[in-house]
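I opened the notebook to go through one structure, entry by entry. Each entry records what I looked up and what I found.

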Amino acid sequence: MDPMFMNSNDALLLVDIQRDFCPGGALPVEGGSDVVPVLNRWIDAARQCGARIVASRDWHPPDHTSFRDRGGRWPQHCIQDSEGAEFHPDLKIPEDAKIVSKGLRPDADNYSAFDRTPLADELRHSGIQRIFLGGLAQDVCVRQTALDARQLGFEVHLITDATRPLSAQDGERALREMQQAGVFTDTTEPGKSRT
Ligand code: VGL
Ligand code: ZN
């Protein structure tokens with residue numbers, strides 16, 4: 001879909017585009033930085049169309065349960081106030097964007113930007129009905145955020161050119177799961193249709 005079709009009932013949700021999820025970071029997604037120029041164009045379009053812009057971030061305490069040294073699945077990443085937790089320096093997040101932090105509790109992991117955050121209520125209060133999302137990682141936080149958004153009743157569009165998986169195989173599976181849940185995944189850059 002052409003980003004210029006967005007309006008004030010839409011939100012652009014930028015999921016976890018942080019240094020640690022990009023090449024050189026602690027939990028790098030291959031090609032993770034490639035989502036940045038695509039999403040910068042969507043940010044421009046969202047501003048022109050009056051759509052709401054939200055950026056989520058993984059924001060863990062140093063003793064987070066998802067870390068390997070605590071018996072979890074992942075290397076240490078996105079520790080609160082660390083350099084690795086910063087948004088990608090080239091991502092042009094506007095001053096008035098809403099920042100949503102997740103994964104704050106030491107004893108619980110939350111992959112979704114809606115899990116234990118005020119995001120759903122805030123979007124509803126702003127009259128948002130459609131969510132366009134992209135970011136990292138396609139098979140982890142983007143997947144769970146998109147599935148939750150559907151469950152919460154939003155129309156959801158995954159910007160397929162603006163997401164990358166940690167594992168290619170899991171990324172494909174996540175794409176199918178999202179489609180089965182009613183997420184539109186035909187959304188892409190104008191002229192570069194993937195379907
Ligand atoms: C993520 C693994 C661990 C993500 C967060 O943002 O996709 N992945 N924590
Ligand atoms: Zn995490």
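**Entry 1: Asp16**

Is Asp16 buried or exposed? I find Asp16 buried, because its relative accessibility is 0%. I keep in mind that this is a predicted model. I placed Asp16 in the loop between E1 and H1. Its phi is positive, about 50 degrees, although Asp16 is not a glycine. I note the background: most residues other than glycine have a negative phi, and most peptide bonds are trans.

**Entry 2: other backbone exceptions**

I looked for further cases. Arg116 is a residue other than glycine with a positive phi, near 60 degrees. I located Arg116 in the loop between E3 and H2. I then checked omega and found a cis peptide bond between Leu136 and Ala137, at about -15 degrees. Ala137 sits in the loop between E4 and H3.

**Entry 3: overall layout**

I stepped back to the whole chain. I count four helices and six strands in the protein chain. Read from the N terminus, the order is β-α-β-β-α-β-α-β-α-β. How does the radius of gyration agree with that of a compact globule? For 195 residues the globule value would be near 16 Å, and the protein chain has 15 Å, so the two agree. The C-alpha trace spans about 45 × 35 × 30 Å along its principal axes.

I also looked up burial and surface. Of the 195 residues, 53% are buried. The accessible surface is about 9,000 Å², and carbon and sulfur atoms hold 44% of that. For contacts between residues at least 6 apart in sequence, I find that 75% join residues at least 24 apart.

**Entry 4: the nonpolar core**

Which residues of the largest nonpolar core touch the most other members? I list Leu12, Leu14, Leu39, Phe114, Leu123, Ile131 and Leu133, out of 58 residues in that core. At least two core residues come from each of E1, H1, E2, H2, E4, H3, E5 and H4. H1 gives the largest share, nine residues. In general, nonpolar side chains tend to be buried together in soluble globular proteins.

I followed Phe114 outward. Beyond four places in sequence, Phe114 touches Leu13, Leu119, Ala120, Leu123, Ile131, Thr145, Asp148, Ala149, Leu152 and Phe154.

**Entry 5: helix H3 and Thr145**

Thr145, one of the contacts of Phe114, took me to helix H3. I find Thr145 buried, because its relative accessibility is 0%. Leaving out neighbours within four places, its contacts are Leu13, Val15, Tyr111, Ser112, Ala113, Phe114 and Leu133.

Why is H3 largely enclosed by the rest of the structure? Eight of its eleven residues are buried, so the surroundings largely enclose H3. I wrote the eight down: Cys141, Val142, Arg143, Thr145, Ala146, Leu147, Asp148 and Ala149. The cover over these buried residues includes E1, E3, E4, E5 and H4. After H3 comes Gly153, with a positive phi near 95 degrees.

**Entry 6: the zinc ion**

Which residues are the protein donors of the zinc ion (ligand 2)? I find Asp58 (OD), His60 (NE2) and His77 (NE2), at 2.0 to 2.2 Å from the ion. The donors follow the spacing D-x1-H-x16-H along the chain. Asp58 belongs to strand E2 and His77 to the loop between E2 and E3, 19 residues apart, so I note that this pair links distant parts of the chain. Asp58 and His77 are both buried.

I checked the geometry too. The site has four donor atoms with angles of 86 to 168 degrees, and I record it as irregular. For reference, four ideal tetrahedral donors would give 109.5 degrees.

**Entry 7: two loop residues**

I looked up Gly50 in the loop between H1 and E2. Gly50 is partly exposed, with a relative accessible area of 43%. Its contacts beyond four places in sequence are Asn7 and Ser8. Gly50 and Met6 are 44 residues apart in sequence, yet their C-alpha atoms are 7.7 Å apart.

Asp90 lies in the loop between E2 and E3. Outside its sequence neighbours up to four places away, Asp90 touches Val36 and Asn40. From Asp90 to Arg130 I read 40 residues in sequence and 26 Å in space, C-alpha to C-alpha.

How values were computed: Residues numbered from 1 in each chain as written. Chains lettered and ligands numbered in written order. Predicted model: local features only at pLDDT ≥ 70, side-chain atom pairs only at ≥ 80, totals over all residues. Heavy atoms only, no water. Core = buried A, V, L, I, M, F, W, Y, C linked by side-chain atoms within 4.5 Å. Buried < 20%, exposed > 50% of the residue type's maximum accessible area, 1.4 Å probe, protein only. Contact = heavy atoms within 4.5 Å. Donors = N, O, S within 2.8 Å, 3.2 Å for Na, K, Ca; no water. Tetrahedral: all angles 85-135°; square planar, octahedral: opposite > 155°, others 65-115°. Rg over C-alpha atoms; globule rule 2.2 N^0.38 Å. Areas by Shrake-Rupley, 256 points an atom, 1.4 Å probe, with all protein chains shown as cover.
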